[in-house]
Amino acid sequence: MRRDVFQAIADPTRREIINLLANRQMNLNAVADNFDISRPAVSKHIKILTECGLLIIKQQGRERYCHADLKQLKQVTDWAEQYRRFWTQKLDALDAFLTEHNTDNHKNNKL
């Protein structure tokens, strides 16, 4: 089953794994050592992150190393951008309304 990036970031443990691996690669045991959950639970989270393309696992000798591939997070950025634009437009309109309203009140008070 192909998972999407939104499923991956929905879980706080997976977000923390992404944060851990964003700037460095680590072996699977080192990743698991950062959490107070079982190694199989960490492995399940890593599997989900790998399935959605946020983690890449490479075998180096006897160790398996993970590193983050954050390009997939662009999907989240693109999705959120539409709402950022929407709210920016609404807040700009509110600012214009309040500025006009305050200017009108200021003029009326001087009369």
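Which are the buried residues of α4?

**View 1. The buried side of helix α4.** In this predicted model, local features need pLDDT of at least 70 and side-chain atom pairs count only at pLDDT 80 or more, while totals for chains, interfaces and linings use all residues. Residues are numbered from 1 along each chain as its sequence is written, and side-chain values use heavy atoms, with hydrogens and water left out. The buried residues of α4 (buried: under 20% relative accessible area; exposed: over 50%; partly exposed: in between; 1.4 Å probe, protein chains only) are Val-42, His-45, Ile-46, Ile-48 and Leu-49. Because they cover an arc of only 160 degrees around the axis, they lie on the same side of α4, the arc being that of the directions from the helix axis to the C-beta atoms. On the other side of α4, Pro-40, Lys-44 and Lys-47 are exposed.

**View 2. The aromatic pair of Phe-6 and Trp-79.** Three aromatic pairs are found in a search of the whole structure, where rings of Phe, Tyr and Trp (its six-membered ring) pair if their centres lie within 6.5 Å, and planes under 30 degrees apart count as stacked, over 60 as edge-to-face and the rest as tilted. The ring centres of Phe-6 and Trp-79 are 5.8 Å apart and their planes stand at 75 degrees, so this pair is edge-to-face. Since Phe-6 lies in helix α1 and Trp-79 in helix α5, the pair ties together parts that are 73 residues apart in sequence. Phe-6, Trp-79 and Tyr-83 form one aromatic cluster.

Key:
Helix = DSSP H or I, 4+ residues; strand = E, 2+ residues; numbered from the N terminus.
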